[in-house]
Amino acid sequence: MVAIVDHRPARAIHPLHAVLLAAALPLFLGGLLSDIAYSRSYEIQWSNFAAWLIAGGMVFTGVALLWAFIDLFRAGRRRARAVVCFVLLLVTFALGLVNAFVHARDAWGTMPDGLILSVLVTLAAALATWSGFSSFRLGEMRLGEM
Amino acid sequence: MNRSSLLAAAALAALLAACDDNPSPPEYGANPQLPEQQHGLLPSMKIAAPASWGDRRPTVPEGFTVTAIATDLGIPRQTLVLPNGDILVAEGRGGGAPALRPKDVIAGVIKARGTTSVQSGNRLTLLRDADGDGTYEERTVFADNLNAPYGMALVNGQLYVANQDALVRFPYRDGQTRAEGPPEKVTGLPSHINHHWTKSLAASPDGRFLYVGIGSNSNITERGMAAEADRAMVWEVDARTGAHRPYATGLRNPTALAIQPGSGTLWAVVNERDELGPNLVPDYLTSVREGGFYGWPYSYWGQTLDPRVQPQDPERVAAAIKPDYSLGSHVAALGVAFSSPAMGERFAEGVFVGEHGSWNRSVPSGYRVIFVPFRDGAPAGPPVDVVTGFMGEDGKTYGRPVGVTVDPKGALIVADDLSNTVWRVAVADRSPTADAPSDMGSATTDGN
């Protein structure tokens, strides 16, 4: 049980957590753009790109989700915001997982479900990132409890 | 994919597998019922769990014996019985298509569990039973340094071998046990990517033409249409010049070819596409019509469209031919051979089909050799089990049949690429020697 006293004037999101959160969004966005390109061109390589970008997004989302889960217990009085961030990440992860499976289908079998899911997962990742970056504010973090 | 998504994948797989725990049995014959397509999140997988035969033997019908005539081979696939009774075994594993997606990486690891781990032999092994007692006491390497040899045909004193990248030939004299030198190349074969690498082979009775079965480069065009140039078709190759032309197209993976005695018609077993459900799409046995188009990739069983292929080609689909005989979905037929009256009255007219067995069906199918009876030169009636017991009730898998060949002396030769064995299923009462009873002792004819 460690009590953390933050003496700095502002305690924003942890830099590493920020990297994890911020990395997922462009990957999912890249997946969405690749899906759009495939749906317009039938060029299969776009579908391969989408599958890998989504898998990459899932790696970062997975770790960020784990981090957010731990944060639930450290959030103290700002717990409500931490819960929102966690839930949004969980939704992103669930949608992303289904999307990854849909992108495991062969050829046009990914369409249109994959495109729709890519839109949803990109939106969810954007919201999760937004909420993650706005969870902690100046002076709000006092004592973290395990 | 990260670890948690893999775990979730496993959980989901279990869940999905539970959903189609009891798919309706496979449909056989000329008019199979084709169920609705399923586009699930994951194909239900059930991978063979390899196990040693030990004292077990494959199960054969009453009146037949089964013996292992060669073991410890380097992945035996197809066999050829030579005029003097010697047996050639093509050994090897080809392919090497790169993983394009996260799925390919994961599926590759999973599917590899159900196959042998020995090295590719890349050779032809000759087995000889000089005294005709059913024991093949002599074993020599006929030719080596080949590249995943698969199809074989002997015609006009030439032994043709379909490597995964070229059709080659050796001059052959009766009784020869070793090729005189490296083979002569007849023609190159499409080998870019080589997703389905096996090149099946048959020769026209007059020896003028060779027919080479070339499988598709994907399940259903997921490597792009450019990768499918010269794929999913049977080539007719001029034996003299090596020139080729497509003989029939739209055959997804024609894994074995045979010429029908009498009519001279070319027949093929073809493996159809996956991931549309446990009872789609039936693998089939068909006579191959010159110039015919059999649907892949746009459609299957005639005009049933596959929506995973875009853009479609309605003109070609309209001309797609329905195959002759459904063998059931996912059985993975890899061998075909016309029978002869030497196989006994029950099996006198028809074809034997080696079924390697499914990987993406919750209730496995295949893992056996069947007989499709013929009447008046065409399939008539349901398939009959001939060699079974390759997979136990518990999923333990002792062998996986590939090529089948009829020995005119009254035996069926079955290559097994999991236990690396060649089996000989012989008509018992035709066995000419006194040690036949000991052979019978090793046969399990009681269906256990």
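In this predicted model, strands β28(B) and β29(B) run antiparallel and are joined by six bridges. Within that pairing, B:A415 faces B:V422 of β29(B).

**The sheet around β28 and β29 of chain B**

These two strands belong to an open sheet of four strands, ordered β2-β29-β28-β27 in chain B, with antiparallel pairing. Its edges are β2 and β27 of chain B, and each of these pairs on one side only. From one strand to the next, the twist averages 25°.

Start at the β2 edge. Strand β2 of chain B covers residues 64-70, and six of its seven residues are buried. Its partner is β29 (residues 421-427) of chain B; the two pair in the antiparallel sense over six bridges. Here B:T65 sits opposite B:A426 of β29(B).

Now the other edge. Strand β27 of chain B spans residues 401-407. Seven of its seven residues are buried, so the strand is largely enclosed by the rest of the structure. Five bridges link β27(B) to β28 (residues 411-416) of chain B, and the two run antiparallel. B:P401 has B:D416 of β28(B) as its bridge partner. The connection is a hairpin: three residues lie between β27(B) and β28(B). In that turn, B:G410 has a positive phi of about 100°.

The pairings described so far, and one from the sheet discussed next, are set out below.

| Strand pair | Sense | Bridges | Opposed residues |
|---|---|---|---|
| β2(B) and β29(B) | antiparallel | six bridges | B:T65 and B:A426 |
| β28(B) and β29(B) | antiparallel | six bridges | B:A415 and B:V422 |
| β27(B) and β28(B) | antiparallel | five bridges | B:P401 and B:D416 |
| β12(B) and β13(B) | antiparallel | six bridges | B:L210 and B:V237 |

**A sheet from β11 to β14 of chain B**

Another open sheet of four strands has the order β11-β12-β13-β14 in chain B, and its pairing is antiparallel. Strands β11 (199-203) and β14 of chain B are at the edges. Each has a single partner strand, so one side of each lacks a neighbour in the sheet. Neighbouring strands are turned by 25° against each other on average, direction ignored. Inside the sheet, β12 (residues 209-214) and β13 (residues 233-238) of chain B pair over six bridges in the antiparallel sense. B:L210 stands across from B:V237 of β13(B).

**B:R252**

Where does B:R252 lie? It is in the loop between β14 (244-249) and β15 (254-259) of chain B. Is B:R252 buried or exposed? B:R252 counts as buried, because 27 C-beta neighbours fall inside 10 Å. Its C-alpha atom is separated by 5.9 Å from that of B:E272, 20 residues apart along the chain. Leaving aside neighbours within four places in sequence, B:R252 is in contact with B:G215, B:S216, B:A232, B:V270, B:N271, B:E272, B:R273 and B:W296.

**Domains of chain B**

Chain B is divided into domain 1 (1-19 + 35-45) and domain 2 (48-442). Taken over C-alpha atoms, the centres of these two domains of chain B are separated by 30 Å. The contact between them takes eight residues from domain 1 of chain B and 13 residues from domain 2 of chain B. On the domain 1 side, the residues divide into five nonpolar, three polar and no charged.

**Chain A**

Chain A has four helices and two strands. Along the sequence the pattern is β-α-α-α-α-β. Of the 146 residues in chain A, 47% are buried. Among contacts in chain A between residues at least 6 apart in sequence, 77% join residues at least 24 apart.

An unreviewed UniProt entry lists residues 12-29, 49-70, 82-102 and 114-133 of chain A as "transmembrane region". The model gives geometry for two of these spans. Residues 49-70 of chain A are 100% helix and 0% strand, with end C-alpha atoms 32 Å apart. Residues 82-102 of chain A are also 100% helix and 0% strand, and their end C-alpha atoms lie 30 Å apart.

**Where the chains meet**

Chain B brings 24 residues into contact with 20 residues of chain A. On the chain B side, α1 (3-19) and α2 (102-112) each supply at least two residues. The most comes from α1(B), with three residues. By class, this side of chain B has ten nonpolar, eight polar and six charged residues.

Notes
Residues numbered from 1 in each chain as written. Chains lettered and ligands numbered in written order. Predicted model: local features only at pLDDT ≥ 70, side-chain atom pairs only at ≥ 80, totals over all residues. UniProt positions renumbered as here; feature names shortened; annotations may be inferred. Contact = placed C-beta atoms within 7 Å. Nonpolar A, V, L, I, M, F, W, Y, C, P; charged D, E, K, R; others polar. Buried ≥ 20, exposed ≤ 12 C-beta atoms within 10 Å, placed from the backbone. Pairing = 2+ DSSP bridges. Domains from an automatic or database assignment. Axes fitted to C-alpha atoms, helices over the stretch in contact; angles between N-to-C directions.
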